[in-house]
Amino acid sequence: MTSPIVEIERDIDTDDINPFTMILPQDGHDNDATPQQQQQQLHFLQSINSNVVIRQLPSEGLSFQLWPAATILVTLLDNIRSGESTPFSELFKSQEKGDSLPLRILELGSGTGVVGIAAAAILGAKVTVTDLPHVLPNIQFNVDANSTVLEQQCGVVDVAALSWGDNQHMEAVGRDYDLILGSDVVYHDHLYDPLIKTLRFFLLGGGKKIAFVMAHLRRWKKESVFFKRATKLFDVQIIHTEPPPDGSRIGVVVYLFTGKKLRPRDPP
């Protein structure tokens, strides 16, 4: 039977969407910045009445910019501590019951690090943010820039290299997490298989059942290929759909991935 996730992806396979027109809008003064200039974006976290400041370096590439899916994920996380009902409620029940251990979160493809930094501050969590080695200095810059709010909220952020599918990197990062986050990670088609290999390692390779929450803004028809492959290994469901912003036809969709029980001939 066809996966409902694949059906949804096929239903919106109309015209391709230019990702460069979907970059998160900035404040007026940032819009006037040239590509060579660094840009700063403030994210107000209502639940802790604090700002998170993020440096962008647009001239360095896509990984150094803020994207809409990350902002939606930060907002949903913020709503947890504000007491609002969110798609994450079930995932955080243990913490709500007074678990003395901080939540352990891994973020894949962290980019600027905004999601991981916000998660650590909002939830008082221990977060490992990861990306390609050349992206890490800017993530570390942003972690350091938010050290005060992290300390106030008992949040901890570690920065680590993780090239998807790289066994050495994955083993170094380890599997000791309660939750995995990602935003706008389904992007380049040559990375679909490495990303799936990485998800297999974390979701299917250990004895503990954990979930991967992914915020995604669809841009190209080819992205349905990723979802078709993913649903062979993971149960994938939509847990949140954001209304399209003005001038757009689609909004950010948040997916929940959990590992399927593999047959003996299907090793992780």
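Two strands count as paired if DSSP finds at least two bridges between them. Keep that handy for this tour of a predicted model.

**Stop 1: β3 and β4.** Select residues 104–108, which make up strand β3, and then β4. The two run parallel and are joined by four bridges. Want a spot to zoom in on? Pick E107, which sits opposite V129 in β4. Now trace the chain from β3 through α5 to β4: this β-α-β crossover is right-handed.

**Stop 2: β4 and its other partner.** Stay with β4, residues 126–131. Five of its six residues are buried, so the strand is largely enclosed by the rest of the structure. Next, add β5, residues 156–161, which runs parallel to β4 with six bridges between them. For one of these pairings, click K126 in β4, whose bridge partner in β5 is V156.

**Stop 3: the largest nonpolar core.** In soluble globular proteins, nonpolar side chains tend to be buried together. Here, the largest nonpolar core has 46 residues. Show L45, L77, I105, V115, L123 and L181 as sticks: these touch the most other members. Then color helix α5, residues 114–123, which supplies the largest share of this core, nine residues.

**Stop 4: I105 up close.** What does I105 touch, leaving aside residues up to four places away in sequence? Select A119, L123, A125, K126, V127, T128, Y177, L179 and L181, and you have its contacts.

**Stop 5: another core.** Apart from the largest core lies another one, of 30 residues. To find it, select W164, L195, F201 and F202, which are among its members.

Methods. Residues numbered from 1 in each chain as written. Predicted model: local features only at pLDDT ≥ 70, side-chain atom pairs only at ≥ 80, totals over all residues. Heavy atoms only, no water. Core = buried A, V, L, I, M, F, W, Y, C linked by side-chain atoms within 4.5 Å. Buried < 20%, exposed > 50% of the residue type's maximum accessible area, 1.4 Å probe, protein only. Contact = heavy atoms within 4.5 Å. Right-handed = clockwise from strand over helix to strand, strands pointing away.
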